[in-house]
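Reader: I should be grateful for a close look at a single part of this model, with the reasoning set out step by step.

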Amino acid sequence: MKTAARRRLTAVAIGGIVVAASVLGLAAPAFAHNFLVSSDPSAGETLKTLPSKFIITTNEGLLDLSGHGQGFAFDVEDSHHRFYGDGCVTVTGPSMSIKPVIGAAGKYTVIWQIVSADGHIVSNQYTFTWKPSGAFTPAVGASHPQDCGGKSGGVAPPDPHLGTDAYAKPSANLGLVLGIGGGVVGLGVILTLVLLLTGRKRKK
């Protein structure tokens, strides 16, 4: 009887440890927000020629449920608060891009917003300088951000206070907290079972 009880106790302990380890190992990445990996133009850059597209790239795939960038925004604003481009956002894997439309030489602010892989909104902003190296015809800006004919989520500038850690990989996230909590619960269950089995042995 003692041998059988020990076997049952060992099996329960191993099972609990496996469950706790699974929670700790898998929950964290599932709940992590996307973070910015690169952009074109990049923060602080002096841009002299227009690239084929303006692009924001994050660490993993973005969540575009609508198929046309609903909830996403990529606004380019000059120092006179004029906005450039039609607001049409293209989401491809971990990246979001727009056509490279810009006005006269000067300082610009990129205000961007994405829907992270975990469904949360992440946004931030940065500046760059436009200094064309040759002849260039400036585009005409608008007094407010465009929304791609009502299709895009960029109706207004995203809130720069959202996702203020979006430029670097988060040091902690909800998944890690849940994982640790799950591990503690699992270990608590194991301890309870050990105490119950020990108590039964003493009574006998």
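Author: Two strands are said to pair if DSSP finds at least two bridges between them. In this predicted model, two bridges join β2 to β9, so the two strands count as a pair by that rule. Strands β2 and β9 run parallel. One contact can be named by residue: Leu 47 has Trp 130 of β9 as its bridge partner.

This pair belongs to an open sheet of five strands, in the order β2-β9-β8-β4-β5, with mixed pairing. At the edges of the sheet are β2 (46-47) and β5, each of which pairs on one side only.

From the sheet one may turn to the disulfide. The structure holds one disulfide, which joins Cys 88 to Cys 148 with an S to S distance of 1.9 Å. The link connects distant parts of the chain, its two cysteines being 60 residues apart. Cys 88 lies in the loop between β5 (83-84) and β6 (90-92), while Cys 148 lies in the loop between β9 (121-130) and α2 (174-203). The link of Cys 88 and Cys 148 is right-handed, with 95° about the S-S bond.

The two cysteines may also be classed by their accessibility. Buried means under 20% relative accessible area, and exposed means over 50%. Cys 148 has a relative accessible area of 18% and is therefore buried. Cys 88 has a relative accessibility of 28%, so it counts as partly exposed.

Methods: Residues numbered from 1 in each chain as written. Predicted model: local features only at pLDDT ≥ 70, side-chain atom pairs only at ≥ 80, totals over all residues. Heavy atoms only, no water. Disulfide = S-S within 2.5 Å. Helix = DSSP H or I, 4+ residues; strand = E, 2+ residues; numbered from the N terminus. Buried < 20%, exposed > 50% of the residue type's maximum accessible area, 1.4 Å probe, protein only.
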